[in-house]
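Reader: I would like a close look at one part of this model, the place where two helices pack, and then a few residues elsewhere for context. Please keep it plain.

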Amino acid sequence: MNNEILASAGKDCVIRLWHIPAQSEGQAQHKCIGTLKGHDKGIASICFTTVTESSSLMLLISTDKDGMAKVWNCSSLLKYREGGTPADLSMESSSSTVKAHPKAAETVDVAPNNQLVATGGKDKLVKLWKLHHNSLSPVGTLQGHRRGITAVKFSPVDRVLVSASIDTTLMLWSTTTNSCLKTFQGHETSICNVAFMNSGLQLISTDGDGMIKLWIVKTAECVATMNEQTDEDAETTPIWAVSVIDNGEYFMTGGFDSKITIFKDITKDKQLEAFKEESQQTAQLIKLQNLLRAGEYADAFSYALKLRRKNDLRNIINQVVYLSGREDGNWQKAANKLQEFFRNMPQKDLSVVLTYCRDWNANATHCDTAQYTLKAILQEFTLGKLAENPAVKETLEALTAYGTRHITRLTNLREKTYLLDHMLSNSTLEMEADREITQPTTTTQSQPQKQPHKKRKLQDPAAHNGMNGGAKIQNAPKQRRILHTNARALKSTGATVLKGIARQ
């Protein structure tokens with residue numbers, strides 16, 4: 001009640017009421033303002049009714065190891081709400097008592113509207129009670145757990161409650177139909193306590209192994225598992241209590257290790273951090289695109305390398321190679337253009353580029369990008385400088401292995417182009433012969449005119465394929481030269497790097 005009244009109970013069968021002064025009252029001492037006696041066995045659980053500004057009634061519900069549930073009228077404590085100081089409250093008996101469970105009644109909770117009370121016991125049952133003034137009357141029994149109940153909690157917004165059990169499950173119940181809506185499974189040991197968070201959308205539960213689990217109520221899915229033990233070698237201990245603060249922004253746990261641990265929900269902080277990171281990446285991408293549109297490839301290369309954008313770096317290299325060499329076939333010009341990017345490059349950035357080259361070279365689709373980059377690096381840096389870079393030794397083995405594969409692949413492809421030349425040459429000769437056969441001959445009137453040979457009538461493949469067929473035939477020698485050049489460059493690059501490392 002207004003954060004100033006605390007109730008405590010234990011095996012001594014006595015409930016004690018305490019006044020907790022506000023922080024503004026300085027060093028005021030916590031004072032016991034009353035005792036409630038009447039239980040014959042150890043008290044297992046206690047719970048206040050909800051108190052608002054207009055409340056005129058304040059009750060305390062308690063349960064004990066003998067299965068009894070008692071109602072205590074503590075309305076006189078409402079004077080603290082108005083700043084007054086009531087007389088000490090002590091009772092020798094409760095306002096009403098009911099036999100809630102045949103065995104121990106381990107837990108109790110009051111609904112937010114103060115209309116219902118739920119109790120749970122070792123008899124595996126959850127019982128619902130109608131709270132009217134100072135008395136309890138039964139309204140329903142919830143049956144489904146296989147072992148004793150350890151905790152019950154009402155939802156702060158919906159007409160449901162959740163129960164925890166030694167059988168390692170949580171069950172969500174409807175208070176209108178008394179039926180089970182969902183079962184939550186995931187704990188490996190007995191569940192000790194449970195509480196609703198974030199306006200009833202989530203659950204937080206604790207167990208005997210010191211594990212804390214966060215659940216989504218709608219899907220019954222466990223979305224997080226925590227352990228308050230920071231030392232992996234430490235012995236796990238049960239977490240008996242959990243309490244939610246500020247609707248889930250914080251929650252506290254207390255257990256067998258005599259420690260109270262406070263947790264903070266950092267979901268919003270992470271979402272804000274992710275949003276900022278996404279906004280930053282968007283701004284960086286826009287800047288990179290503007291540099292490319294302006295044709296400032298050197299600046300775009302440096303900026304992409306700074307951001308460690310591997311794919312963007314590869315695309316920039318491909319654009320430079322295409323614009324510098326592929327249009328006129330001057331491949332050395334492309335390597336010279338790339339060489340400008342590596343001038344005065346720190347060893348740290350060079351290591352990153354070499355690592356990217358290793359990854360690109362492992363893919364046949366991107367190996368040409370790796371080879372142009374390596375060629376530019378070898379032209380710009382001396383062997384001594386390269387040998388000083390730790391990434392060279394790490395990437396050399398992979399570059400050499402995949403380089404050998406690419407040389408073999410390109411060699412086989414070049415040989416296939418020779419076969420293509422041979423086939424095209426024979427096809428040309430055959431077409432010329434067919435033209436001579438199908439050409440009409442001059443005959444005299446006494447001799448019948450021969451008909452063209454239908455079976456051997458062929459069309460010109462070049463005419464049949466149109467311009468595309470002719471373009472492919474014309475480009476074949478050029479592509480062979482490109483592939484052969486790449487193969488030689490790859491072979492010389494690997495050998496040069498290998499010799500440089502050997503000398504070092």
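Author: What follows starts with the helix pair and then turns to a buried residue, a hairpin and two loop residues.

This is a predicted model, in which local features need pLDDT of at least 70 and side-chain atom pairs count only at pLDDT 80 or more, while totals for chains, interfaces and linings use all residues. Residues are numbered from 1 along each chain as its sequence is written, and side-chain values use heavy atoms, with hydrogens and water left out.

Two packed helices are described by the angle between their axes and the distance between the axes. Here the helices are α1 (residues 267-293) and α2 (residues 297-306). Helices (H or I, at least four residues) and strands (E, at least two) are DSSP runs, numbered from the N terminus. The axes of α1 and α2 come within 8 Å and cross at roughly 155°; axes are lines fitted to C-alpha atoms, for helices over the stretch in contact, and angles run from 0 to 180 degrees between N-to-C directions. α1 is therefore roughly antiparallel to α2, a term for angles over 145 degrees. On the α1 side, Gln284, Lys287, Leu288, Leu291 and Leu292 take part in the contact, which means heavy atoms within 4.5 Å. They meet Tyr297, Asp299, Ala300, Tyr303 and Ala304 of α2. The residues of this contact divide into 7 nonpolar, 1 polar and 2 charged, where Ala, Val, Leu, Ile, Met, Phe, Trp, Tyr, Cys and Pro count as nonpolar, Asp, Glu, Lys and Arg as charged, and the others, Gly among them, as polar.

Leucine 350 belongs to another helix, α5 (residues 347-361). Leucine 350 has a relative accessible area of 0% and is buried (under 20%; exposed is over 50%, partly exposed in between, with a 1.4 Å probe and protein chains only). Not counting residues up to four places away in sequence, leucine 350 touches Met345, Ile377, Phe381, Leu386 and Asn389. Asparagine 389 is 39 residues away along the chain, and its C-alpha atom is 8.0 Å from that of leucine 350.

The hairpin consists of β15 and β16, with 5 residues between them. Strands β15 (residues 169-174) and β16 (residues 180-185) run antiparallel and are joined by 5 bridges; pairing requires that DSSP finds at least two bridges between the strands. Leucine 170 stands opposite phenylalanine 184 in β16. Asparagine 178, in the turn, has a positive phi of about 60° and is partly exposed at 27% relative accessible area.

Serine 258 also has a positive phi, about 65°, although it is not a glycine. Serine 258 lies in the loop between β22 (250-255) and β23 (260-264) and is exposed, with 71% relative accessibility.

Key. Parallel < 35°, antiparallel > 145°, perpendicular 65-115°, else oblique.
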